[in-house]
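Here are some notes to read alongside the model, written for someone new to looking at structures. Please keep the 3D view open and find each part as it comes up.

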Protein chains: 10
Amino acid sequence: MPNAALLEVFPTPGAAPIVVEHIAEEFTSVCPKTGHPDFGVITVRFEPRTAREGGTCVELKSLKLYFQSFRAEGIYYEAVTDRIRDDLARLMNPNWLQVRADWRGRGGIRSITRADAGEVPGHLRGA
Amino acid sequence: MPNAALLEVFPTPGAAPIVVEHIAEEFTSVCPKTGHPDFGVITVRFEPRTAREGGTCVELKSLKLYFQSFRAEGIYYEAVTDRIRDDLARLMNPNWLQVRADWRGRGGIRSITRADAGEVPGHLRGA
Amino acid sequence: MPNAALLEVFPTPGAAPIVVEHIAEEFTSVCPKTGHPDFGVITVRFEPRTAREGGTCVELKSLKLYFQSFRAEGIYYEAVTDRIRDDLARLMNPNWLQVRADWRGRGGIRSITRADAGEVPGHLRGA
Amino acid sequence: MPNAALLEVFPTPGAAPIVVEHIAEEFTSVCPKTGHPDFGVITVRFEPRTAREGGTCVELKSLKLYFQSFRAEGIYYEAVTDRIRDDLARLMNPNWLQVRADWRGRGGIRSITRADAGEVPGHLRGA
Amino acid sequence: MPNAALLEVFPTPGAAPIVVEHIAEEFTSVCPKTGHPDFGVITVRFEPRTAREGGTCVELKSLKLYFQSFRAEGIYYEAVTDRIRDDLARLMNPNWLQVRADWRGRGGIRSITRADAGEVPGHLRGA
Amino acid sequence: MPNAALLEVFPTPGAAPIVVEHIAEEFTSVCPKTGHPDFGVITVRFEPRTAREGGTCVELKSLKLYFQSFRAEGIYYEAVTDRIRDDLARLMNPNWLQVRADWRGRGGIRSITRADAGEVPGHLRGA
Amino acid sequence: MPNAALLEVFPTPGAAPIVVEHIAEEFTSVCPKTGHPDFGVITVRFEPRTAREGGTCVELKSLKLYFQSFRAEGIYYEAVTDRIRDDLARLMNPNWLQVRADWRGRGGIRSITRADAGEVPGHLRGA
Amino acid sequence: MPNAALLEVFPTPGAAPIVVEHIAEEFTSVCPKTGHPDFGVITVRFEPRTAREGGTCVELKSLKLYFQSFRAEGIYYEAVTDRIRDDLARLMNPNWLQVRADWRGRGGIRSITRADAGEVPGHLRGA
Amino acid sequence: MPNAALLEVFPTPGAAPIVVEHIAEEFTSVCPKTGHPDFGVITVRFEPRTAREGGTCVELKSLKLYFQSFRAEGIYYEAVTDRIRDDLARLMNPNWLQVRADWRGRGGIRSITRADAGEVPGHLRGA
Amino acid sequence: MPNAALLEVFPTPGAAPIVVEHIAEEFTSVCPKTGHPDFGVITVRFEPRTAREGGTCVELKSLKLYFQSFRAEGIYYEAVTDRIRDDLARLMNPNWLQVRADWRGRGGIRSITRADAGEVPGHLRGA
C-alpha cells in the first residue's frame, strides 16, 4: 500500500531557483470498484526551496519505490493524485508543486487528474 | 436520447483544489438534417468544489452511459456541446467547467465546438 | 441490421487489372454480450474482374450506407469481418478481396480481425 | 468566383457563450500571377453572439459551398484571408472572429496568413 | 500467478480462414531477479481452425483476465512469451500462432521477445 | 479536361536501370455524380527503358500541367487512375509503371485506387 | 551575396490588421569559419501596416530570390537572423516583425536564433 | 571534468535584442551513486546583451567541447543544470539565460531539470 | 575498452524456437580519428538454439555493462558492429544473429551499419 | 562541380558480410533548367567486398566533401542519382550498391530517384 516512509530527500544543490520534473511512465494501481488494474503516467513538477532556505528535493530511486507501493492498492484516480500531492508537499515543503496523472482509461474514456500545492505560476495551472 | 438521469457523482476526495479531465474518444450522435451519424471526441475539463464545500465529481462509468445515450439522437454539433455543459454544470455545480467537441467532419470540413460554464481560467479559454 | 441489399456496383472501367481499397474510419456496431458500442476502422481491399470479364466495383455511397446498417446490430468482431467479406465477395465476385477491422478495443486490449476471399497475393496476407 | 450569397446561418442554440471552429482542409484557389492553383487549409474560429442577443452561426454545408466558390478565382493569399474574414464577420456579426490560412506554398516557402475581426482574446492573437 | 484455466474459447464463426490479432497494451509482471515490475505490450496473432474443423478463438475478456494473472508473477521476458504461446496454442490448437512482447526495458535497453507455434507464413516470421 | 498532349519526355540519362517516383500532393478533380471536388495524392512509379533502348522519362513540369488539366473534369476515382496509367504508359513505354491515388474521401470513407502496367516486381504489387 | 535589392513589396490589401508568416524550409549559407554549408529553416512573421497607413507586404517570389542570395555567403547564424530582420524591417516598416532560424546544427548541437523588430506581442516573444 | 575554461565567446553582432538557443542532443555524464552513464538533451536559451552594451555570445564549438568535458564526471541531474547555468551566466553576463536538461531516465522515470538566471520573460518560465 | 568477458548467458527457456531483440538506445564510443564521441542505437536480434540443443541467451544486465565498456574506446562505426557480432555469436552460438547500429551522424550524414552471423531469414536481411 | 577524386576508402574491417548505409540529409544542387536550387536526401546502401577479397568502404568525411561538390552544379534529378551510383561503384567495386534520392520537389510534386549497381537483394529493390 502507498508508503510515504519510502521517500527520501537530498538538499537542493544551489542558491538560485530551479524547477524539477519527474515523469513516471509505468504507474499502476487497482480500481477499488472493479478490481481491474489502472495504468497511468504520473508527472510531478516542483520548485524546491533553495539551499539557503534549507530546501530539499525528492530522491529519484525512493520516488520509484514509493510509486511501486501503489501497485496492489485499490484507489480512485482522484485519490491517487491527492495522495501523491500531499505526501510530496509534506516531504519537501517546496515553493510549489504540481501532480498530474494521465490515465489510459476504460471503455473509451481516458482521464487526466491534477492537483496543486502552493503558488503554482499562473500560466502552468491546468497545463 | 440524451439522459442526464444516468449521471452519478461521488464526493470530491480532498480539501485542496484539483482539475479533472475526461476525454471520450468514441462519441457518436446523428445529424438531424441528413440522418447520417456524426463522430467526435468529447473533452470535459472542470474544477470541482472541494470536499469542505460539498463538492462532487461525475462518476466515470455513469458518464460513459450518459454519452452513449446520444447514440440515436438527431442533434447539431453546437447543441451537443451546450447540452453536455448544461447537464454537467447542473449536476456538479463546479467552480468552472469546459466542454470541447472535436468532430471528424463532413465534406472536407471538420469542426470544433466549445462551451464554458463558470470562471474558466483566462489562459484556458478557447484552448 | 446489416443489409447487403443496400450495396450497388458499377462496371470496372478498364481492361487492365486495378486494386481498390476503401477505408471506413467511422464504423460502429454493438457488442452482443455487454450491449456497449464497438468502434473500428474497416479496410476493404480487392482486385475486381476487368471490364472484359464483366467485372464490377462496389459504389462508394452504397458502401457507406451498408456500413451504417451495422450501427444498432449486436455482433462479434469476427462475425463483422466475416459478414462483410461474404457480402462483398458475393456482390462483386472479384479476383480476390481482403477485409480488415482495427477495433479500438476494451479493457486495455485492442484487436484486429482479418478475412480473405479468393487468391490474395502472398505478400499481402495477414498484412 | 467567391460568392458570399451562398452563406446561410442558424440561430445560436444557447444562452451561454460558445466558441466554434471550422477547419476546411481542401481549399483551393488560383494564383493571379502564375495561373497555377494554390492549396491551403482555412481555419475559421469565432464566438457568436448568444441566442438572447440574436446571435447566429454559419451553417456548415453553406460554408463548404462558399469555400468551393473560390476554386476558379485568381486571388492572392492575403486577399483570400481578408475576404473570408469580411464576408463571415458581416454575415454573423460575432463577438470576435479569426481566419487563418495555411498555404502549401511554392518554391520551398510556405505561408500562413491571418486576419481578425472584433475583440479576439489576447492569448489567441497570432496563434 | 499465470492461470491458463481463466481462458475461454468460442467457435470460429465462419468457414473461410481468418487471422485474428489481440494487442494488450497494459501487461505487467515482475522481474524475478530484482523484484521490480516489468511492463510490456503483448501481441497475439493467430489463424484459428475453421468452423468445419471445429476451430475455436480465445474469448477476449478471458484473455484479459489471463494476462492480469501475471501481475504478481516473478518471471523472465523469454518465459512470459513462451508461456503465453504454449497456453494459447494448447487452448485453440490453431493453424499457427505468434506471440510478441515489446518490453519497456530497463537501464537504456528495451527488448522484444517472440515465440511462434505451427506454420507461421514466411513473410510474418520475426516481424 | 485531361490532356495527354501536355506531357513531354526526356531521354533516360544512363545505361543502368533506374526507378523513378513522382508524388503529386495537390491533385484535384470533380466528382461526376455530386459535382463536388475530389482531392488526392497521385503517386507514379516506373522503371524507364535504358538509354540504349531509347528509353524516356516524363518531364516534371509537363507532368504538373497534365495533372492540373484534371482540375475541372468530372471523373470517377478508378477512371483517374486508369487514365493516368494509360497516358503515361503510352508516352514512355517503360519496363513497368504503377499509379496509386490516395483520395481524401467523403462521408468517413477514404479510398486508394491503384493501376499497373507491364511487369511490376512482385513485392511492389498492391503496395 | 545577400542582396536586399531583390526584395519587392505589394500594398497591404485591407484596412484591418493581418499577420503574415513565411516559412522558408530550404535556406542555406556557408559557415565563415569552416567553409562548410549551413542549412536551416527561416521563419518570418510580421504585422504589416494597413492599407490606409500605406502598408506593404514582401512579395513571395522576391523573398525566395533574396533568400537564395545567401547561398554562397560566409556568414554566422546570428548575423543571418540580424541581416534578414534589418532588411525586411527597412523594406516594409511593419508594426512588428520576427525572424527565427532553426539550424540543422553541427556536431550534435542544433541552434535557434531569433531577432525581433518593433512591438512584438508579449506572448509571441521567444516563441 | 567540467571545464568552463573551454568556453569562448564572440561579440553580439547587432544592436537590437536577439534570443539564441542551443540544443545539445548528445550530452552524457555519470551517475555518482551507481556509476552508470546518464544521457540527456541540454537546451540553453539566452538573450545576450547587445553590441552597444558589450554583449557576447558563447561560441558553438567551444560549447560542444565544454559539454564533452562532463563525459567522465560523476554528477547529479540537478547539479549539471546548476553548473551549466552558473558557468554560462558568468561567461556572457546575458540579460537572462535558461538551462533545461531532459534526461532519458532510469527505472521507468525520466526527469527534467531547469535553472534560470536573470529576468527570464514570464511566459517562458518552467517551459 | 570493449570487454566480452562481461557477457553472461542463461539457458534458453523452451523447446520451441524464439526470436529475441535487444535495443540499446544509449550507446556511445569515441571516433578514433577526431576524438569526438559517437552516439548510436544498437539493435541485436537473434534466434538462440533451443533448450534441447543447449542453447543460451545473453543476460540483459551483462549486455548493458558490455555496451558500456565501449564508452572510452576509439573505434570506427563498422568495427563496432563487427565486434559486437563476433562477441555475441561466439558467446551464444545462435542459429542466426543480426547487429544493426543507427549512428546519430556527423556533418549532416548519418549512417547505419549492419552485420549478420549464421543463416538470417531472407526477408530480414538488410532490414 | 561533382568531383569523384575527393572520395577516399578504407579496407573493410572484417571477414563476414556487412551492409552499410549513409544518409546525407543536406544535399543540394542546381536545376539546369531554372537555375533554382534543388534540395534532397541522398541514401547510399551497399555491401562491400570482405577484407579477404580486398574490399573497401567509402570514408565518411570524403563522402561529405564529394556531396558538397554538387552544390553549384546544374544537374537533373536522374543524373545526380546515376552519377553517384557510378562514382561509388567504381570506387569500391562492392557486391551491390543502391542510391536513392528523395527530392523536396517543386510546384506540389516531389520525386524519388533510385539507381542500383550489382546484385541488389530482391526484397530491397525499389524500396
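1. Let's begin with one helix. Helix α2 (residues 77-92) of chain J has 16 residues and spans 23 Å from its first C-alpha to its last, close to the 22 Å expected at 1.5 Å a residue. That expected span is 1.5 Å times one less than the number of residues in the helix. Helices here are DSSP runs of H or I with at least four residues, strands are runs of E with at least two, and both are numbered from the N terminus.

2. Stay with α2(J) and look at burial. A residue is called buried if 20 or more other C-beta atoms lie within 10 Å of its own, exposed if 12 or fewer do, and partly exposed in between, with C-beta atoms placed from the backbone. The buried residues of α2(J) include J:Tyr77, J:Val80, J:Ile84, J:Leu88 and J:Met92. Charged side chains are on that list too, among them J:Glu78, J:Asp82, J:Arg83 and J:Arg85. As background, an α-helix has 3.6 residues a turn, so residues three or four places apart point the same way. Just after α2(J), J:Asn93 takes a positive phi of about 45 degrees.

3. A word on how to read all this. The model is predicted, and local features need pLDDT of at least 70, side-chain atom pairs count only at pLDDT 80 or more, while totals for chains, interfaces and linings use all residues. Residues are numbered from 1 along each chain as its sequence is written, and chains are lettered from A and ligands numbered from 1 in the order in which they are written.

4. Now for a whole chain. Chain A holds two helices and six strands, in the order β-β-β-β-α-α-β-β from the N terminus. Its radius of gyration is 15 Å, close to the 14 Å that the globule rule gives for 127 residues, so chain A is as compact as a globular protein of that length. The radius is taken over C-alpha atoms, and the rule is 2.2 Å times the number of residues to the power 0.38. Along the principal axes, the C-alpha atoms of chain A fill a box of roughly 50 × 30 × 20 Å. Of the 127 residues in chain A, 47% are buried.

5. Which residues does A:Phe10 contact, leaving aside its neighbours within four places in sequence? They are A:Thr56, A:Cys57 and A:Glu59, where a contact means that the C-beta atoms of two residues, placed from the backbone, lie within 7 Å. A:Phe10 sits in strand β1 (residues 9-11) of chain A and is partly exposed, because 13 other C-beta atoms lie within 10 Å. Over in chain F, F:Glu59 lies in the loop between β4 (56-58) and α1 (60-68). With 16 C-beta neighbours inside 10 Å, F:Glu59 is also partly exposed. Beyond its neighbours within four places in sequence, F:Glu59 contacts F:Glu8, F:Val9 and F:Phe10.

6. Next, see how chains A and B are related. A turn of 72 degrees with a shift of 0.0 Å along the axis lays chain A on chain B with an RMSD of 0.0 Å, which is the relation of a five-fold axis. In chain A, the C-alpha nearest that axis belongs to A:His123, 5.8 Å away. Such copies are superposed by least squares on the C-alpha atoms of residues with pLDDT of at least 70 in both.

7. Where do these two chains meet? In their interface, 19 residues of chain A are in contact with 20 residues of chain B. On the side of chain A, β6(A) gives the most, with nine residues. Strand β6(A) runs antiparallel to strand β2 (residues 18-30) of chain B, joined by seven bridges; strands pair if DSSP finds at least two bridges between them. One bridge partner in β2(B) is B:Ile18, matched with A:Ala115. Only 5% of the interface residues of chain A are also interface residues in chain B, so the copies meet through different surfaces.

8. Compare chains A and C. A rotation of 180 degrees with 0.0 Å of shift along its axis superposes chain A on chain C, with an RMSD of 0.0 Å, and that is the relation of a two-fold axis. Here the same surface serves both copies, as 100% of the contact residues of chain A recur in chain C. Each chain gives five residues to this contact.
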